[in-house]
Amino acid sequence: AVKEVLNLTQKFDGEFKIRYQTALDLIVAKLNFIDRSYQLEHDATLIDSIQSRIKSPDSIVEKMERKQLNFTTDRIADYIRDIAGVRVITRFISDIETMQRLIKEQPDIQVVTEKDYVANPKANGYRSLHLIVEVPVYLSTGEERIPVEIQIRTIGMNFWASLEHELNYKKDIPNKEQLRTDLTRKAHDITQLDEEMDDLRAKIRK
Ligand code: 0O2
């Protein structure tokens, strides 16, 4: 397995990574464009912040092992669709849908998968809208469509998810199960707050 990881790392650091970095840069530029156009038209911000990352070879291997995929494959990209990942943080819950609509309206990117954990939260309370989009990247060998995962969530959903992520990755935490239960309960409180803030905004803007 160590050899496979080394192979993957070497492969990843070359031309492979450039494809994903380029696709990620294009998507971030596109999201900023969407936000600026929205501001111009509505005199209000849509995006609070954007975070982006390229998945490290270690996390790719970890995810392939978790999903019991064979990581000697040359077709990693067919299985791991979030090698390039962007997180779009909005202030209000209804801005998630607006963002989704505006992304779909872009003619040069294609939404290929949608997972709506806002409408259908996970049992632990996780909420977020996940889109896999494909963006054309032009290489010396021709055009390639590169997948990028866009996670869209509110500030509230984001700070919940980062704490839950920390809990999952930390070892030796006493009362882990109790903490999970407490976090799930807090996810409900955040959902309620998100919805109330949206209502308030609608009333203020009316
Ligand atoms: P990391 O460290 O964030 O990169 P699929 O992509 O459909 O084959 P997957 O990856 O299970 O299968 O898809 P899904 O459900 O869309 O989740 C992908 C990502 O969403 C995860 O990536 C997390 O970033 C986030 N996510 C999903 N569920 C949870 C959750 O319960 N809690 C938190 N905190 N984040 C979640 P990675 O690669 O698992 O991790």
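1. Let me start with the helix that catches my eye. Helix α4, residues 94-104, lies across β2 (84-90), β3, β4 and β5 (142-154), and runs at about 165° to β5. Keep in mind throughout that this is a predicted model. Helix α5 also lies across part of the sheet, namely β2 and β5, but its angle to β5 is about 95°.

2. Now the overall layout. The protein chain has 6 helices and 5 strands, and from the N terminus on the elements go α-β-α-α-β-α-β-β-β-α-α. The C-alpha trace spans about 55 × 50 × 20 Å along its principal axes. Buried residues make up 23% of the 206 residues in the chain. Of the contacts with a separation of 6 or more, 66% come from residues 24 or more positions apart.

3. On to the sheet. The 5 strands form an open sheet with mixed pairing, in the order β1-β2-β5-β4-β3. At the edges sit β1 (49-54) and β3 (110-116), each of which pairs on one side only. From one strand to the next, the twist averages 25°.

4. Walking across that sheet from the β1 side, β1 and β2 are antiparallel and share 6 bridges, with S49 standing opposite I89 of β2. The next pair, β2 and β5, is parallel and also has 6 bridges. If you want residues to click on there, I89 has R153 of β5 as its bridge partner, and T90 has T154 of β5. Strand β2 is mostly covered, with 5 of its 7 residues buried.

5. The other half of the sheet is antiparallel pairing. Strands β4 and β5 are joined by 11 bridges and run antiparallel; they form a hairpin with 2 residues between them. V137 stands opposite E144 of β5. On the far side, β3 and β4 (residues 129-139) also run antiparallel, joined by 6 bridges, and T113 stands opposite I132 of β4.

6. What fills the inside? The largest nonpolar core has 26 residues, and A23, I27, V148 and I150 touch the most other members. At least two residues of this core come from each of α1 (2-42), β2, α4, β4 and β5, and α1 gives the most, with 5 residues. As background, nonpolar side chains in soluble globular proteins tend to be buried together.

7. A23 deserves a look of its own. Setting aside residues up to four places away in sequence, A23 touches A84, V135, V137, I146 and V148. V148 turns up again among the core residues that touch the most other members, as does A23. V137 is familiar too, as the residue standing opposite E144.

8. Then there is the ligand. The shell around the ligand has 13 residues, of which Y126, H130, A161, E164 and H165 come nearest. By type, the shell divides into 7 charged, 4 polar and 2 nonpolar residues. Helices α2 (57-66) and α5 (155-169) each supply at least two shell residues, and α5 has the largest share, with 3. So there are two things to keep in view for α5: it lies across β2 and β5, and it gives the largest share of the ligand shell.

9. Which loop holds Y126? The one between β3 and β4. Is Y126 buried, exposed or in between? Y126 counts as partly exposed because 17 other C-beta atoms lie within 10 Å, short of the 20 or more that would make a residue buried and above the 12 or fewer that would make it exposed. Apart from neighbours within four places in sequence, Y126 is in contact with Y117, P121, A161 and E164. Of these, A161 and E164 are also among the residues that come nearest to the ligand.

10. One last distance. Y126 and V137 are 11 residues apart along the chain, and their C-alpha atoms are separated by 32 Å. At one end of that stretch is Y126, among the residues nearest the ligand; at the other is V137, one of the residues that A23 touches.

Technical notes
Residues numbered from 1 in each chain as written. Predicted model: local features only at pLDDT ≥ 70, side-chain atom pairs only at ≥ 80, totals over all residues. Near = placed C-beta within 6 Å. Helix = DSSP H or I, 4+ residues; strand = E, 2+ residues; numbered from the N terminus. Nonpolar A, V, L, I, M, F, W, Y, C, P; charged D, E, K, R; others polar. Pairing = 2+ DSSP bridges. Axes fitted to C-alpha atoms, helices over the stretch in contact; angles between N-to-C directions. Contact = placed C-beta atoms within 7 Å. Core = buried A, V, L, I, M, F, W, Y, C linked by C-beta atoms within 7 Å.
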